[in-house]
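Please open the model in a viewer and keep the sequence panel at hand. The tour below proceeds by selection, with a short account of what is found at each stop.

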Amino acid sequence: MVIPVPFHRHEVKLDIARIQFQLEYTFDEPWAVRWRLPIEQKSRTASIGSIHPDADEDDIEAMERNLQIHHRSRNLTGFGDMEMLLCWHKHDLGKDGAFFSVASGTTVPLGRTEGNPLTAAASGEAHEHIQFGNGTFDPIVEFFYSRPIGEESIVSAFGQGRFPGSRNDEGFQGSKSFQCGIGAMKPVGHLGSGENSFGIAGLIYQDLSQATWDGVIDPNTGFSTLSGTLGISWKDEEFRNWSLTLLLPISIETAESSDGTYDVGPVLSLGIGF
């Protein structure tokens, strides 16, 4: 039964904590295989906002029931889809000290998926929009290039793409995703007794197309964003590589309206290499 209620909004906040494990094995120089496996915790808090002043207690109760059907507050944890890539690299490409690598492969559908939220919503049934994977084997490609500038600085560029071409058993076809970026590293001194540390600055562009359920566009998907990065990278006494980077959104465009489906916040990234 559909109960008409005055205007209101579902205000949803999603915090994501992500750890990504990566292993690379060179089996015949310059060829290697690379595996990545992410694990994520997604914490969602949801509330009703912008309630029309004409709403009474019965209206607000109906709004709350609808919120629990669509976006109930909860914490979700799980593995994402694994990535398996064949990699090739070359040193001193274009300049002494330069490095270039290219890789291609596929995802392996390990991440949890959900049923069709659009049909469930139309029936007034509780459903989940958050997924941890696509449920399909998706082609992936990526490249990375860096070269020294001056005596100690380094500039770099990268690109990554994931291109789902099929639907999973629930009828879901994930977003095509593409990201690229440019960056620069410059020495900024020493941290403790470790080696020289580097300051990091750059720009990253990300684009996700809209996903579909049985060919019907999911209106909660699809955006492109431009972000700036600031950070620092260093090695400790054990020769572990550390990096701490802050990703700051500059602009975002969503697929459905100029009002915006998303309001992207900053991302703090800690990397450790052994």
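The stops below cover a strand pair, a surface patch, one residue's surroundings, the cysteines and two backbone features.

This is a predicted model.

**Stop 1: the first two strands**

Select residues 9-28, which form strand E1, and then residues 31-49, which form strand E2. The two strands run antiparallel and are joined by 19 bridges. The connection between E1 and E2 is a hairpin through two residues. Within this pairing, select Leu23; the bridge partner of Leu23 in E2 is Trp35.

Next, move to the loop between E1 and E2, where Pro30 is located. Display the backbone of Glu29 and Pro30: the peptide bond joining these residues is cis, with omega at about 10°.

**Stop 2: the nonpolar patch**

Which residues form a nonpolar patch on the surface? Select Leu23, Tyr25, Phe27, Trp31, Trp35, Met84 and Leu86, which together have about 690 Å² of accessible area. Both members of the bridge pair from the previous stop, Leu23 and Trp35, belong to this patch.

Colouring by strand shows where the patch residues come from. E1, E2 and strand E4 (82-91) each supply at least two of them. The most come from E1, which gives three residues. Phe27, a patch member, is placed in E1. With a relative accessible area of 44%, Phe27 is partly exposed.

**Stop 3: Ser47 and its surroundings**

Return to E2 and select Ser47, which is found in that strand. Is Ser47 buried or partly exposed? Its relative accessibility is 34%, and Ser47 therefore counts as partly exposed.

Now display the surroundings of Ser47. Apart from neighbours within four places in sequence, Ser47 is in contact with Arg9, His10, Glu11 and Leu67. Add Arg72 to the selection: Ser47 and Arg72 are 25 residues apart along the chain, while their C-alpha atoms are separated by 8.5 Å.

**Stop 4: the cysteines**

How many disulfides are found in the whole structure? A search returns zero. To see why, select Cys87 and Cys180 and display the sulfur atoms. The cysteine sulfur closest to that of Cys87 belongs to Cys180 and lies 19 Å away, too far for a bond. Taken from the other side, the sulfur of Cys180 has that of Cys87 as its closest cysteine sulfur, again at 19 Å. A disulfide requires the two sulfur atoms to be within 2.5 Å.

The surroundings of these cysteines may be examined with a surface display. Cys87 is buried, at 3% relative accessibility, whereas Cys180 is partly exposed, with a relative accessible area of 26%.

**Stop 5: two aspartates with positive phi**

Select Asp92, in the loop between E4 and strand E5 (99-108). The phi angle of Asp92 is near 60°, a positive value in a residue other than glycine. Asp92 is partly exposed, and its relative accessible area is 45%.

Finally, select Asp214, which lies in the loop between strand E11 (212-213) and strand E12 (216-217). Here too phi is positive in a residue other than glycine, with a value near 50°. Asp214 counts as partly exposed, at 46% relative accessibility.

Terms used
Residues are numbered from 1 along each chain as its sequence is written. This is a predicted model: local features need pLDDT of at least 70, side-chain atom pairs count only at pLDDT 80 or more; totals for chains, interfaces and linings use all residues. Side-chain values use heavy atoms; hydrogens and water are left out. Buried means under 20% relative accessible area, exposed over 50%, partly exposed in between (1.4 Å probe, protein chains only). Helices (H or I, at least four residues) and strands (E, at least two) are DSSP runs, numbered from the N terminus. Contact means heavy atoms within 4.5 Å. Patches are made of residues with over 30% relative accessible area and no salt bridge: like charges are joined within 9 Å, nonpolar side chains (Val, Leu, Ile, Met, Phe, Trp, Tyr) within 5 Å. Accessible areas come from the Shrake-Rupley method with a 1.4 Å probe; for residues, only the protein chains shown count as cover. A salt bridge is a side-chain nitrogen of Lys or Arg within 4 Å of a carboxyl oxygen of Asp or Glu. Two strands pair if DSSP finds at least two bridges between them.
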